[in-house]
Amino acid sequence: MPQETSPDSQPWLNPDAKPFIKLQGVTKKFGNFAAVDNVDLEVYKGELFCLLGASGCGKTTLLRILAGFETPSSGKITIDGVDMTDVLPYERPVNMMFQSYALFPHMTVEQNVAYGLKRDGLGKSEIEGRVQEILALVELTDLPQRKPHQLSGGQRQRVALARALVKKPKALLLDEPLAALDKRLREQTQFELMNIQDQLGITFMVVTHDQEEAMTLSTRIAVMDKGRFIQVGTPTSIYEFPETRFIANFIGTANMFEGRVIKSNAGFLLIKSEADNTELSVDYGAAMSEGRRVWVAVRPEKIQISKLPFDESGPNQLKGVVHDIGYLGSASTYRVKIAGGKIIQVSFPNQRRPTDDQFAVDWDDEVYLKWYSSSAVLLTK
Ligand code: ATP
């Protein structure tokens with residue numbers, strides 16, 4: 001298992017910590033179809049928790065259930081210790097920021113942000129104070145009189161965020177908050193979102209189908225598929241220790257070898273890959289019966305690539321021919337064809353310019369691949 005830090009920064013490791021949002025056996029059916037299927041979840045105060053999954057897996061439905069816009073078919077939801085079954089959306093201590101931002105087009109930035117406070121009947125000076133404070137937080141103090149159509153996508157996103165935050169919810173539910181932004185702005189805004197969340201200490205629950213975004217933002221991620229949670233964990237644990245082939249392939253890229261256990265020593269397994277007879281070793285905490293069918297997943301960046309053979313022989317070594325190279329600037333991706341025709345993907349940082357590097361790997365080169373047994377992941381399903 002991954003190295004974890006203190007329970008204070010990771011309250012889910014502290015058995016005495018009380019979850020802020022708790023879902024128990026929550027199911028939502030539309031007719032016979034379960035959009036959310038028996039989900040249990042505990043989210044702690046101050047977390048930035050991501051629901052990650054492909055389109056249609058039930059992320060938005062789950063967020064709408066938390067906000068009170070959908071009633072679960074079964075199960076129980078508690079927020080801040082209060083059962084939400086009979087609590088109406090606007091009475092819940094949460095606010096939702098919609099995918100479309102849903103700004104009022106005829107209102108200025110200031111009026112959009114002030115709207116909810118006015119409806120709640122707050123005094124003029126309090127509204128003005130709160131609106132100014134929140135506009136400063138999202139860096140929009142220069143544009144209070146603009147209307148939404150006079151703003152860029154990123155600015156509109158920040159107005160929507162300000163409008164959701166100004167009511168000081170205990171939790172903010174964000175549905176694809178950055179989807180409308182281009183890549184560069186999205187990356188920049190991810191950090192702004194994290195800073196704002198950190199300053200306010202509000203619990204954020206973010207729906208996204210973008211795994212890089214989930215990895216960057218989250219304290220923890222729940223990976224969803226067909227209405228269920230497949231794995232819940234920190235970005236590091238999900239990436240480095242996927243529990244299933246689905247997760248290994250869904251989060252990042254994985255080279256997958258199917259084989260059988262041929263030797264099991266405490267803390268160490270030897271596997272023979274069926275397609276190419278390669279011997280693979282994996283550090284593994286438990287014994288496993290010989291002959292058992294398993295899968296070994298190896299991330300592309302864990303594999304070393306060389307034009308020269310490695311000094312020592314042993315498991316986790318392959319020989320192949322470079323079939324394809326993807327030059328990404330900071331790194332290159334090599335697709336190497338090994339005996340039997342399987343393609344292995346290797347990613348390697350470009351520490352030197354390929355043109356300056358006599359050891360640079362080129363198309364059709366014969367290459368040697370190698371990785372550590374501690375870098376591979378053993379999967380049984
Ligand atoms: P996306 O990333 O595309 O927004 P999602 O993971 O948020 O997808 P949901 O919107 O939660 O997915 O939908 C989950 C499933 O439930 C989908 O198959 C969808 O068609 C279905 N669904 C959602 N709302 C309804 C509804 N009101 N009636 C019937 N089916 C619905």
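In this predicted model, strands E12 and E13 (residues 279-283) run antiparallel and are held together by 5 bridges. One of the facing pairs puts Phe268 across from Asp283 in E13. The two strands make a hairpin with 5 residues in between, and in that turn Asn277 sits at a positive phi of about 65°.

On its way into that hairpin the chain has already gone through another. E11 (residues 255-265) and E12 (residues 268-273) are antiparallel too, joined by 6 bridges, and here Arg260 faces Lys272 in E12. This hairpin has 2 residues between its strands, and Gly267 takes a positive phi near 80°. E11 also pairs with E14 (residues 293-298), again antiparallel and again through 6 bridges; Phe257 stands opposite Val296 in E14.

Put together, these pairings belong to an open sheet of 5 strands, ordered E13-E12-E11-E14-E20 with antiparallel pairing. E13 and E20 (377-379) are the edge strands: each has a single partner, so one side of each goes without a neighbour in the sheet. From one strand to the next, the twist averages 45°.

A second open sheet has 4 strands in the order E2-E1-E4-E5, with antiparallel pairing here as well. Its edges are taken by E2 and E5 (82-83), and because each has just a single partner strand, one side of each is left without a neighbour in the sheet. The E4 (residues 74-79) to E5 pairing is antiparallel and rests on 2 bridges, with Ile79 opposite Val82 in E5. Helix H1 packs on this sheet and touches E1 (21-30), E2 and E4, its direction making about 120° with that of E1.

H1 and E2 turn up again around the ligand. The shell there consists of Phe30, Phe33, Ala35, Ala54, Ser55, Gly56, Cys57, Gly58, Lys59, Thr60 and Thr61. By class, that comes to 5 nonpolar, 5 polar and 1 charged residues. H1 supplies the largest share of the shell, with 3 residues.

What do the polar contacts to the ligand look like? A backbone N or O atom of Gly58 is 3.0 Å from a ligand oxygen. The side chain of Lys59 places an N or O atom 2.8 Å from an oxygen atom of the ligand, and for the side chain of Thr60 the corresponding distance to a ligand oxygen is 2.6 Å. On its own the ligand exposes 640 Å², of which the protein buries 58%. As for which elements give two or more residues to the shell, these are strand E2 (33-43) and helix H1 (59-67).

Finally, there is Asp210, which is found in the loop between strand E8 (203-208) and helix H6 (211-217). A polar atom of the Asp210 side chain lies 3.0 Å from the backbone nitrogen of Glu212. Once neighbours within four places in sequence are set aside, Asp210 is in contact with Leu52 and Arg186.

Note on methods
Residues numbered from 1 in each chain as written. Predicted model: local features only at pLDDT ≥ 70, side-chain atom pairs only at ≥ 80, totals over all residues. Heavy atoms only, no water. Near = heavy atom within 4 Å. Polar contact = N/O pair within 3.5 Å; in protein donor to acceptor, adjacent residues only side chain to side chain. Areas by Shrake-Rupley, 256 points an atom, 1.4 Å probe, with all protein chains shown as cover. Nonpolar A, V, L, I, M, F, W, Y, C, P; charged D, E, K, R; others polar. Pairing = 2+ DSSP bridges. Contact = heavy atoms within 4.5 Å. Axes fitted to C-alpha atoms, helices over the stretch in contact; angles between N-to-C directions.
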